[in-house]
Amino acid sequence: YNEPWIPEAIAALASVAQNSTDCSGARTLAEPQKALFGVAELAVHPNPNAGAFSLSLQGGELSEEATLVITNTVGQVVYEGTLEAGSPTANIQLVQPDAGFYFLVLTSGNQRLTKRILIQ
């Protein structure tokens, strides 16, 4: 490409990607999880699983209530619930889930964390 604006546009996009939020204002996953939820890591045990698993907020606890939504790969919501502030763990039981990948989305205010899980 010989267009003079292309290198400037690429540099601008790279800068935005490093310090961006998505359209909803939620922070990107490139930021450390500790900055998002006051925890060092969100762990799912076991992963893979058969639809029953535990969430563990390691290195801290939620500072405010958070919404947990689990979707399949086509975006259908298979679980929706609330995690209370101060809670370091939660047990989840999906009802007759199909095998495959699912996305666990934890949202609190404008903060969001996504984790992939595998149901066997």
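**Figure 1. The four-stranded sheet of this predicted model is open and runs in the order β4-β3-β6-β7.** Pairing here is antiparallel. Look to the two ends of that order for the edge strands: β4, covering residues 77-83, and β7, covering residues 111-119. Each of these edge strands pairs on one side only. Going from one strand to the next, the twist averages 20°.

**Figure 2. A closer look at β3 and β6, two strands that run antiparallel.** To find the pair, pick out residues 66-72 for β3 and residues 100-108 for β6. How many bridges join β3 to β6? The count is 6. For a handy landmark, try I70: the bridge partner of I70 is L104, over in β6.

**Figure 3. Here's the three-stranded sheet, with the order β1-β2-β5.** This one is an open sheet, and its strands pair in antiparallel fashion. β1 (41-45) and β5 (89-93) are the edge strands, each with pairing on one side only. The twist in this sheet averages 20° from one strand to the next.

**Figure 4. Zooming in on the hairpin made by β1 and β2.** These two strands are antiparallel, with 5 bridges joining β1 to β2, and β2 takes in residues 52-58. What stands opposite L42 in β2? That would be L57. Between the two strands of the hairpin come 6 residues. In the turn, keep an eye out for G51, where phi is positive at about 120°.

**Figure 5. The loop between β1 and β2, home to P46 and P48.** Start with the peptide bond that joins H45 and P46: this bond is cis, with omega at about -15°. Now move along to the bond from N47 to P48, which is cis too, with omega near 10°. So that you can place them on the chain: P46 sits in the loop between β1 and β2, and P48 has its place in that loop as well.

**Figure 6. N49, a residue in the loop between β1 and β2.** Is N49 buried or exposed? N49 counts as buried, because its relative accessibility is 5%, and the cut-off for buried is under 20%. Who are its neighbours? Leaving aside residues up to four places away in sequence, N49 touches V44, L118, I119 and Q120.

**Figure 7. Q96, out in the loop between β5 and β6.** The backbone is the thing to look at here: phi of Q96 is near 45°, which is a positive value in a residue other than glycine. Turning to the surface, Q96 has a relative accessible area of 75% and therefore counts as exposed, given that exposed means over 50%.

**Figure 8. A peek inside, at the one cavity of 30 Å³ or more that the structure holds.** About 30 Å³ of space lies in the largest cavity. Around it you'll find L55, S56, L57, L62, L83, S87, P88, T89 and A90 as the lining. Which elements give two or more residues to that lining? They are β2 and β5. β2 gives the most, with 3 residues. Sorted by class, the lining has 6 nonpolar residues and 3 polar ones, and no charged residues. L57, one of the lining residues, may ring a bell from the hairpin view, where L57 in β2 stands opposite L42.

**Figure 9. Stepping back, the protein chain has 2 helices and 7 strands.** If you trace the elements from the N terminus on, they come as α-α-β-β-β-β-β-β-β. The protein chain has 120 residues, and 30% of them are buried. What about contacts between residues at least 6 apart in sequence? Among those contacts in the protein chain, 52% join residues at least 24 apart. For a last bit of orientation, the strand orders are β4-β3-β6-β7 in the sheet of 4 strands and β1-β2-β5 in the sheet of 3 strands.

Technical notes
Residues numbered from 1 in each chain as written. Predicted model: local features only at pLDDT ≥ 70, side-chain atom pairs only at ≥ 80, totals over all residues. Heavy atoms only, no water. Pairing = 2+ DSSP bridges. Axes fitted to C-alpha atoms, helices over the stretch in contact; angles between N-to-C directions. 1 Å grid on protein atoms, 1.4 Å probe; cavity = no way out; pocket = protein on both sides within 12 Å on 5 of 7 lines; lining within 4 Å. Points joined across faces, edges and corners; volume = space filled by probe spheres on them. Nonpolar A, V, L, I, M, F, W, Y, C, P; charged D, E, K, R; others polar. Buried < 20%, exposed > 50% of the residue type's maximum accessible area, 1.4 Å probe, protein only. Contact = heavy atoms within 4.5 Å.
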